[in-house]
Amino acid sequence: MANRYKKSVVLFLGLSLFSFIVYAQFFDQRQTGAQEVGQVVDQFNGVNVYYNGQISHVSGRNLTKDGYNLGQKYQCVEFIKRYYYERFKHKMPDSYGHAKDFFDASIADDHINPKRNLLQFHNGSPTQPKVDDIIVLAGRNMVMLPL
């Protein structure tokens, strides 16, 4: 059962870094209005990265055809959930919340977080992050949620 969830989830260190690189790469174009909200600006493992507009811009909720909530278009959490949905067919039982809500400190290392249906590891765990892991940064703590 652990192998089923062991597919990695590198959320905010790897994918946030990726999002920052995409932001920096297209910064000049956005300033001139060359990009439109919802325009594909890149891809990661076959999953589109969409331009979101200014940092605080929100343009509604993104739902899948079957009604699963991916989040606010096209914020970082939306990308992570859409990435997991498209790449791994993974749906989080609790589909709401901010990035910091992906980790529950009360759950022991290497145990399932039932709200996310993902294995969860604490900072300092002997399990090292891998590609596709979600890394949640919260102050001095870094945690990992692998599939």
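These legends go with close-up views of a predicted model.

**View 1. The largest nonpolar core, with helix 3 in the picture.** This core has 18 residues, and Phe79, Ile80, Tyr83, Tyr84, Phe102 and Ile134 are the ones that touch the most other members. Strand 2 (47-50), helix 3 (76-88) and strand 7 (134-138) each chip in at least two residues. Helix 3 gives the largest share, with six residues.

**View 2. Phe79 and Tyr83, a ring pair within helix 3.** Searching the whole structure turns up seven aromatic pairs. In this one, the ring centres of Phe79 and Tyr83 sit 5.9 Å apart with the planes at 40°, so it counts as tilted. The two residues are four apart in helix 3, which means about one helical turn separates them. Are they buried or exposed? Phe79 has a relative accessible area of 5%, so it is buried, and Tyr83 is buried too, at 0%.

**View 3. Tyr83 again, now with Phe88.** Here the ring centres of Tyr83 and Phe88 lie 6.3 Å apart and the planes meet at 75°, so this pair goes down as edge-to-face. Phe88 has a relative accessible area of 18%. Because the cut-off for buried is under 20%, Phe88 still makes it in as buried.

**View 4. The aromatic cluster around these pairs.** Which residues do the ring pairs link together? Phe44, Phe79, Tyr83, Tyr84 and Phe88 join up into a cluster. Among them, Phe79, Tyr83 and Tyr84 also appear in View 1, as core residues that touch the most other members.

Notes:
Residues are numbered from 1 along each chain as its sequence is written. This is a predicted model: local features need pLDDT of at least 70, side-chain atom pairs count only at pLDDT 80 or more; totals for chains, interfaces and linings use all residues. Side-chain values use heavy atoms; hydrogens and water are left out. A nonpolar core is a set of buried Ala, Val, Leu, Ile, Met, Phe, Trp, Tyr and Cys residues joined through side-chain atoms within 4.5 Å. Buried means under 20% relative accessible area, exposed over 50%, partly exposed in between (1.4 Å probe, protein chains only). Rings of Phe, Tyr and Trp (its six-membered ring) pair if their centres lie within 6.5 Å; planes under 30 degrees apart count as stacked, over 60 as edge-to-face and the rest as tilted.
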